[in-house]
Amino acid sequence: MKTKKFLLAMGAMLMLALPMSANKWDVTGDGEVTAADVTAVYNKLLDNDTTYPESAYDVNGDGNITAADVTALYDVLLNGLPSYITEYTVNGVTFVMVDVEGGTFTMGADVDDAEASDNEYPAHEVTVSSFAIAQTEVTQELWQAVMGYNYSGHAGDKNPVEYVSWEMCNLFISKLNQLTGQNFRLPTEAEWEFAARGGNKNKGCLYAGGNTIDDVAWYDANSNEMSHAVATKVCNELGLYDMSGNVWEWCSDWYADYSSESQVNPTGPETGGEKVMRGGSWCSSAKKCRNAKRFKAPSGFGDDDIGFRLAM
């Protein structure tokens, strides 16, 4: 008990409170990172506290709740966000971009993956350059802040925007770039899969963030037939949320079958009939939420299980 009081007193003495969008450091979900978040993790370690979802205590995203999570929170309190995290605010709404170090990975399904579809083969080596990708899917509040309207079927400020076509997403991005002076875009399919797999921290998980889908995704068996607030499941190795499930995510590429040849920064064919979507959704089976799963739709199509995530 004395240690708990010491942690709270220390936080008050430091007078540090970092305003945050939904992210892995905000354990208590109050929109700030304070000594209260440190205390929450400490209480979990000491007394197996269950005040917050189990995933909230795993601050560093390694799948375990240890003293390393307390240390990570202290570091953020003392030094601010890590250098690979950048926050942007548009008309009062904040979102987070995560830097992803480039690397080489095997894209597509393993030959022994019994649930793979034909279009996930052949697995092939792909190299991507460094890029940044959003920590979460674009939320309804961010869409509203940029576009001035929101036609999503499952209303909620923190829920992913949906009923957005590929073309609508690019209109949003154009307006967002005008407001911020940045160069946001949709991720390429290769960037998306590299990030979903955890980039250079890839642990070989079946889904983005783990091998147990209920821990990492909202899908047909646990969603109650609706989308959910972003960042409420376990993040992956890069601190990215909902890359499996919640809503399908548009990529920039026109759809095409895979080649067995190694590629560097592939962007898909110059033209085509359908655009790539990845990740599965709240109404998808577990099979469709796998990291390797591919889907496609016309660029003008939208539905209540289709959204997107920013890259740059």
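A salt bridge is taken here as a side-chain nitrogen of Lys or Arg within 4 Å of a carboxyl oxygen of Asp or Glu. By this rule, the predicted model contains 10 salt bridges. Five of the residues involved, Glu-189, Glu-193, Arg-197, Arg-278 and Arg-294, are linked in a network.

Within this network, Arg-294 forms a salt bridge with Glu-189, and the closest N and O atoms are 2.7 Å apart. The pair links distant parts of the chain, as Arg-294 belongs to strand E11 (residues 294–297) and Glu-189 to helix H7, 105 residues apart. Both Arg-294 and Glu-189 are buried. Glu-193 takes part in two of the contacts: its side chain meets that of Arg-197 in a salt bridge with an N to O distance of 2.9 Å, and Arg-278 forms a salt bridge with Glu-193 in which the closest N and O atoms are 2.7 Å apart. Because Arg-278 lies in strand E10 (residues 275–278) and Glu-193 in helix H7, the latter pair ties together parts that are 85 residues apart in sequence. With burial set at under 20% relative accessible area, Glu-193 counts as buried because its relative accessibility is 0%. Arg-278, at 0%, likewise counts as buried, as does Arg-197 at 15%.

Helix H7 (189–196), which carries the two glutamates of this network, is mostly covered, with eight of its eight residues buried. Besides Glu-189 and Glu-193, the buried residues of H7 are Ala-190, Glu-191, Trp-192, Phe-194, Ala-195 and Ala-196. Just after the helix, Gly-198 adopts a positive phi of about 100 degrees.

The largest nonpolar core comprises 36 residues, and those with the most contacts inside it are Val-27, Leu-73 and Met-243. At least two residues of this core are supplied by each of helix H2 (35–47), helix H3 (54–57), helix H4 (67–79), strands E4, E5 (103–107), E6 (124–128) and E7, and helix H7. The greatest contribution is that of H7, with five residues. When residues up to four places away in sequence are not counted, Met-243 touches Ile-133, Trp-192, Ala-195, Ala-196, Ala-208, Glu-249, Gly-279 and Arg-309. Another core, of 29 residues, lies apart from the largest one and includes Leu-142, Met-147, Trp-166 and Phe-172.

Helix H2 has 13 residues, which at 1.5 Å a residue should span 18 Å; its end C-alpha atoms are 18 Å apart, so the two values agree. Buried positions in H2 are Ala-35, Asp-37, Val-38, Thr-39, Ala-40, Val-41, Asn-43 and Lys-44. Just after H2, Asn-48 takes a positive phi of about 55 degrees.

An open sheet of three strands is arranged in the order E3-E4-E7 with antiparallel pairing. Strands E3 (85–90) and E7 (131–134) form its edges, each pairing on one side only. On average, and with direction ignored, neighbouring strands of the sheet are turned by 35 degrees against each other. E3 and strand E4 (residues 93–100) run antiparallel and are joined by six bridges; Thr-86 has Met-97 of E4 as its bridge partner. Helix H5 (residues 140–147) lies across E3 and E4, running at about 110 degrees to E4.

Further pairing involves strands E5 and E6, which associate in the antiparallel sense over five bridges, with Glu-125 of E6 as the bridge partner of Thr-106. E6 is also joined to strand E9 (residues 263–264) by two bridges, in this case parallel, and Thr-127 is partnered by Val-264 of E9. The side chains alternate along E6: His-124, Val-126 and Val-128 point to one face and are buried, whereas Glu-125 and Thr-127 point to the other and are not.

Most residues other than glycine have a negative phi, and most peptide bonds are trans. Against this background, the peptide bond from Tyr-121 to Pro-122 is cis, with omega near -5 degrees; Pro-122 is placed in the loop between E5 and E6. Positive phi values also occur in loop residues other than glycine. Asn-91, in the loop between E3 and E4, has a phi near 50 degrees, and counts as exposed because its relative accessibility is 57%. Glu-225, in the loop between helix H8 (213–216) and strand E8 (248–254), has a phi near 60 degrees and counts as exposed at 66% relative accessibility.

Notes
Residues numbered from 1 in each chain as written. Predicted model: local features only at pLDDT ≥ 70, side-chain atom pairs only at ≥ 80, totals over all residues. Heavy atoms only, no water. Pairing = 2+ DSSP bridges. Helix = DSSP H or I, 4+ residues; strand = E, 2+ residues; numbered from the N terminus. Axes fitted to C-alpha atoms, helices over the stretch in contact; angles between N-to-C directions. Contact = heavy atoms within 4.5 Å. Core = buried A, V, L, I, M, F, W, Y, C linked by side-chain atoms within 4.5 Å. Buried < 20%, exposed > 50% of the residue type's maximum accessible area, 1.4 Å probe, protein only. Expected span 1.5 Å × (residues − 1).
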